[in-house]
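Visitor: I am new to this structure and should like to learn how its features are read. May we take them one at a time?

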Amino acid sequence: MAESAIIARVLASVLEVDAVAWNTLLARQSHPTPFMRHAYLAALEESGSATPRTGWAARFMTLWDSDTLIAACPLYLKNHSYGEYVFDWAWASAYEQHGVPYYPKAVIAVPFTPVPGTRLMARDDAARALLVQAVCQWCEDENVSSVHILFASDDDVLTSAQQDLMLRHTVQFHWKNVPPTLPAARGSLPPEGSPPTGGESQPFTDFDHFLASLAQDKRKKIRQERRRVAEAGVTFRWSRGADISAADWDFFYRCYERTYLEHGNPPYLTRDFFARMAAHMPEAWLLFVAERDGLPIASSLIAISALPSSASSQKDHRLVAYGRYWGALERVDCLHFEACYYQPLQWCIDHGVQRFEGGAQGEHKMARALLPVQATSAHWLAHPAFAEAVERFLARESEGVGHYLSELQERSPFKTG
């Protein structure tokens, strides 16, 4: 590939890229997720959820070989650090104290979505490296302080490191649909859709089989929590894809909005965003609704990695589920655990789903058999002195994250013998 033949174009909207070309490139990556699909990013923009008004100004970086899209990434210019889940407030404060502007900064991420996966789409490693170079050069030319590639895939991390970006690690909690025979693996995640490896057993046959793999105290706790919800008269139903009714979407949004407002903030995503998901990506969503006395009282929305062609009732062990949003109109003891963990895990077992990712943070998830994994971001700072200071900080932080992971892995909820 002759670099001189490659053209970089910075676009103000994903709508300026053909959806088929974007999704075809995404499908070639090692760790695609539904959140990087053209329809998802377009819905964020068209619904008013991720726009300059909300602090997310799109500048999609694309590389072209003639008329062929060979690399691309979603890039947002930001004047704040909300909705990212990789926290750099201290960095911004240090810049401010020294009279150096930190904002605008550039974020290569899916807004409001702490899900690891491909961020730097490319037809090969060389194109991915050119993409990183193009982003950093453009930011330097535009006086943008920094580039932050959040929740990156292994391929993204490797390329970023080769391009001298700094790596930062955090911890998430994921559930796998197999009884573990080895301690939780430290480090990078397996590619989405990869089959079980490393001596792992066959998937769980049912929820009782899953419970039987846990230590006695964890098994007892889960049964007690589920019993409290059932004794409160709460039942659940689920709908997937086009079977989720408009009324259920409306009810879900009431729950979702209320959760944010109870914490003193408006929701990141608009009702129109979810309307667009129902219209253009229905196969990617699974909704649980909790009912009592025939009335809905709570809901949780799960994303599914299935492509349109694989949205069927048959088991597909390549599927991955992502815990996303929840809310309740009534308070019931342990309802959150049932709606956000036990119902989704039971569905995953029944449908042969490979992995359930529980989202950002949450050490309490370990008691529900979600195990710690390391997620990684990559960072480039234009200011040499701040880059040097941040690099020293990240070395210390990385050592601390490594110790934290080791400590967590010693507290496995599964049987040890």
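Guide: Let us begin with a pair of helices in this predicted model. Helix α2 (residues 38-46) packs against helix α9 (residues 271-280) at an angle of about 150°, and their axes are 9 Å apart.

Visitor: What does that angle make of α2 in relation to α9?

Guide: Angles over 145 degrees count as roughly antiparallel, so α2 is roughly antiparallel to α9. The two helices make a right-handed crossing.

Visitor: Which residues in α2 and α9 meet?

Guide: From α2 come A39, Y40, A43, L44 and E46, which meet D272, F273, R276, M277 and H280 in α9. Sorted by class, this contact of α2 with α9 has six nonpolar, one polar and three charged residues.

Visitor: At what angle do helix α7 and helix α10 pack?

Guide: Helix α7 (residues 216-231) and helix α10 (residues 335-350) pack at about 110°, with their axes 10 Å apart. An angle from 65 to 115 degrees counts as roughly perpendicular, and α7 and α10 are therefore roughly perpendicular to each other. The crossing in which α7 passes α10 is left-handed.

Visitor: Which residues in α7 and α10 meet?

Guide: In α7 they are I222, E225, R226 and V229; in α10 they are L335, F337, E338, Y342, Q343 and Q346. By class, the contact of α7 with α10 has five nonpolar, two polar and three charged residues.

Visitor: Let us turn to the strands. In what order do the four strands of the open sheet stand?

Guide: The order is β1-β3-β4-β7, and the pairing is antiparallel. At the edges stand β1 (6-11) and β7 (121-122); each has a single partner strand, so one side of each is left without a neighbour in the sheet.

Visitor: How many bridges join β1 to strand β3?

Guide: Six bridges join β1 to β3 (residues 60-65), and these two strands run antiparallel. Within this pairing, L11 stands opposite F60 in β3.

Visitor: Which strands does helix α1 lie across, and which does helix α4 lie across?

Guide: Helix α1 (residues 19-27) lies across β3, β4 (68-73) and β7, running at about 70° to β4. Helix α4 (residues 125-141) lies across β1, β3, β4 and β7, at about 130° to β3.

Visitor: Finally, a single residue: is T159 buried or exposed?

Guide: T159 lies in helix α5 (residues 154-162). Residues under 20% relative accessible area count as buried; T159 has 3% relative accessibility and so counts as buried. Leaving aside neighbours within four places in sequence, T159 is in contact with R128, A129 and V132.

Terms used. Residues are numbered from 1 along each chain as its sequence is written. This is a predicted model: local features need pLDDT of at least 70, side-chain atom pairs count only at pLDDT 80 or more; totals for chains, interfaces and linings use all residues. Side-chain values use heavy atoms; hydrogens and water are left out. Two strands pair if DSSP finds at least two bridges between them. Contact means heavy atoms within 4.5 Å. Axes are lines fitted to C-alpha atoms, for helices over the stretch in contact, and angles run from 0 to 180 degrees between N-to-C directions. Angles under 35 degrees count as roughly parallel, over 145 as roughly antiparallel, 65 to 115 as roughly perpendicular and the rest as oblique. A crossing is left-handed if the near helix is turned anticlockwise from the far one by less than a right angle, and right-handed if clockwise. Ala, Val, Leu, Ile, Met, Phe, Trp, Tyr, Cys and Pro count as nonpolar, Asp, Glu, Lys and Arg as charged, and the others, Gly among them, as polar. Buried means under 20% relative accessible area, exposed over 50%, partly exposed in between (1.4 Å probe, protein chains only).
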